[in-house]
Amino acid sequence: MSLSLLIASLWVLAATIVALLPMRWQYVPGLTLLILAPLVIGFAGYQHGWLVALGGVFALVSMFRRPLRFAIVRLRGQNPEVPK
């Protein structure tokens with residue numbers, strides 16, 4: 001297994017563990033994973049091609065659909081509802 005796929009697998013395991021945490025504890029590690037995601041996807045795409053990178057982007061959007069939707073609503077200047 002290549003280094004990029006090993007790092008991507010570890011990223012997915014970390015994201016799964018963070019998803020199991022209570023919502024109030026997910027913010028810092030979730031934001032960290034969200035910031036690291038383009039680097040991991042870019043590295044995997046560099047080593048394995050653009051189809052792997054495209055699959056990584058689809059997986060990222062699927063996993064972070066709610067935080068990304070929240071960020072888009074905030075960027076529009078609206079006040080989204082925060083989950084409790």
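Start by selecting Gln26, which sits in the loop between helix 1 and helix 2. Keep in mind as you go that this is a predicted model. Is Gln26 buried or exposed? With a relative accessibility of 19%, Gln26 counts as buried, because the cut-off is under 20%. Now show the residues around this side chain. A polar atom of the Gln26 side chain lies 3.4 Å from the backbone oxygen of Val18. Leaving out residues up to four places away in sequence, Gln26 touches Val18, Ala19, Leu21 and Leu31.

**Zoom out to the whole chain**

Switch to a cartoon view for a moment. You should see 4 helices and 0 strands, running α-α-α-α from the N terminus on. The C-alpha trace spans about 40 × 25 × 15 Å along its principal axes. Of the 84 residues in the chain, 21% are buried. If you turn on a surface, its accessible area comes to about 6600 Å², and 71% of that belongs to carbon and sulfur atoms. Among contacts with a separation of 6 or more, 55% are between residues 24 or more positions apart.

**Walk along helix 2**

Next, select residues 27-48, which form helix 2. How far apart are its end C-alpha atoms? They are 31 Å apart, which agrees with the 32 Å that 22 residues should span at 1.5 Å a residue. Stop at Leu36 on the way: a kink of about 35° lies there, shortly before the proline Pro38.

Now colour the buried residues of this helix: Gly30, Leu33, Ala37, Val40, Ile41, Ala44 and Gly45. As you look at their spacing, recall that an α-helix has 3.6 residues a turn, so residues three or four places apart point the same way. What do the buried residues of helix 2 pack against? Their partners are helix 1 (3-20) and helix 3 (50-63). Just past the end of helix 2, click on Gly49, where phi is positive, at about 105°.

**Light up the core**

Select Trp11, Ala15, Val18, Leu33, Ala37, Val40, Ile41, Ala53, Leu60 and Phe64 and show their side chains; these 10 residues make up the largest nonpolar core. Helix 1, helix 2 and helix 3 are the elements that give two or more residues to this core. Helix 2 gives the most, with 4 residues. In soluble globular proteins, nonpolar side chains tend to be buried together.

Two members of this core deserve a closer look. Centre on Phe64 first: apart from residues up to four places away in sequence, Phe64 touches Trp11, Gly30, Leu33 and Leu34. Then move to Ala53 in helix 3, which is buried at a relative accessible area of 18%. With the sequence neighbours up to four places away set aside, Ala53 touches Ile41 and Gly45. Try a distance label from Ala53 to Val40 as well: their C-alpha atoms are 9.2 Å apart in space, with the two positions 13 residues apart in sequence numbering.

**Finish at Ser4**

For the last stop, select Ser4 in helix 1. What is its relative accessible area? Ser4 has a value of 0%, and is buried. Its side chain makes a polar contact with the side chain of Ser2, at 3.3 Å. Beyond its neighbours within four places in sequence, Ser4 is in contact with Phe43, Ala44, Gln47 and His48. You have already coloured one of these, Ala44, among the buried residues of helix 2.

Technical notes:
Residues are numbered from 1 along each chain as its sequence is written. This is a predicted model: local features need pLDDT of at least 70, side-chain atom pairs count only at pLDDT 80 or more; totals for chains, interfaces and linings use all residues. Side-chain values use heavy atoms; hydrogens and water are left out. The expected span of a helix is 1.5 Å times one less than its number of residues. The bend at a residue is the angle between axes fitted to the seven residues ending there and the seven starting there. Buried means under 20% relative accessible area, exposed over 50%, partly exposed in between (1.4 Å probe, protein chains only). Contact means heavy atoms within 4.5 Å. A polar contact is a pair of N or O atoms within 3.5 Å; within protein, one must be able to donate a hydrogen and the other to accept it, and residues adjacent in sequence count only if both atoms are side-chain atoms. Accessible areas come from the Shrake-Rupley method with a 1.4 Å probe; for residues, only the protein chains shown count as cover. A nonpolar core is a set of buried Ala, Val, Leu, Ile, Met, Phe, Trp, Tyr and Cys residues joined through side-chain atoms within 4.5 Å.
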